[in-house]
Amino acid sequence: FDVNPTTLCSNLLLLYRPVRSVGLELALQLQPGQHPFVDELSLQYTGLSRTSTVRCSTPGTPDTYRVSMDHLVSLNDRLCFGVEVLCECYRGSYNTNVAFAGRYNRETYTLAATISPEAFDLSYWQKVSNTLQMGSSMIVNQRQNRALGSVCYRLEHADTVIRGSFDSDWTIGFTYGSGAANLKPPGADRYDRSSSSGSSEKKSRWLIVHGRHGKIK
């Protein structure tokens, strides 16, 4: 749950997992003086070496929506490939697209790419030290005739976490967390171990969806 202090708009994320391999995620957007609407609804299945996801998103208007299906397969601990089929409607105009993705992992860095007939997305993550992580991405969208580059970082020290990002459109983001926000409740370590398979789920979703076929918001 997060709130924008300027506009007072808030986002609410709900996750329901009836079994470990199946997850249902619902993202709601709340705006002052308006009815809440479903921003995104997704259903994901995570197996031993593959992940499949069906996702539907609506930006608040009934004649605009996006529906996607993606499938990611891990060939080994370092290399995986995936494909996504996207159908979108914008004010009565329909478009269908297919994207292919790949990711290569090492102990201290990750390289990922997504390519489609209309866009290209390249991302890189590096663990600089035990306290600093950095990442960068480049998105090229041929349909919108635009390109966007961004750099982000995560700095951890004691009970403090600092995250920041900036891009070539001069958009800057910064978050700071300290104290109780970073403390784990009793039994959290046990939960982390039981949810280790969820890390691959998050990575797979990031890989396929990160660029949204290169869509620049």
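Okay, let's start with one pair of side chains: Arg-146 and Asp-169 form a salt bridge, and their closest N and O atoms are 2.6 Å apart. That pair links distant parts of the chain, with Arg-146 in strand β12 and Asp-169 in the loop between β13 and β14, 23 residues apart. Keep in mind that this is a predicted model.

How accessible are those two? Arg-146 is partly exposed at 32% relative accessibility, and Asp-169 is partly exposed too, at 38%.

Now, stepping back to the whole chain. We have 217 residues, and 27% of them count as buried. The secondary structure comes to 2 helices and 14 strands. About 14200 Å² of the chain is exposed, with carbon and sulfur atoms supplying 61% of that.

Back to the charges. How many salt bridges does a search of the whole structure find? The answer is 6. One of them joins the side chains of Arg-66 and Glu-88, at 2.8 Å from N to O. Arg-66 sits in strand β6 and Glu-88 in strand β7, 22 residues apart. Buried or exposed, these two? Both are buried.

Next up, Glu-107 and Arg-78 form a salt bridge, with 3.2 Å between the closest N and O atoms. Here the partners are in loops: Glu-107 between β8 and β9, Arg-78 between β6 and β7, 29 residues apart. Glu-107 counts as exposed because its relative accessibility is 58%, over the 50% cut-off. Arg-78, at 30%, is partly exposed.

And one last thing to look for on the screen: Glu-40, Arg-55 and Asp-70 are linked in a network of salt bridges.

Methods
Residues numbered from 1 in each chain as written. Predicted model: local features only at pLDDT ≥ 70, side-chain atom pairs only at ≥ 80, totals over all residues. Heavy atoms only, no water. Helix = DSSP H or I, 4+ residues; strand = E, 2+ residues; numbered from the N terminus. Buried < 20%, exposed > 50% of the residue type's maximum accessible area, 1.4 Å probe, protein only. Areas by Shrake-Rupley, 256 points an atom, 1.4 Å probe, with all protein chains shown as cover. Salt bridge = Lys/Arg side-chain N within 4 Å of Asp/Glu carboxyl O.
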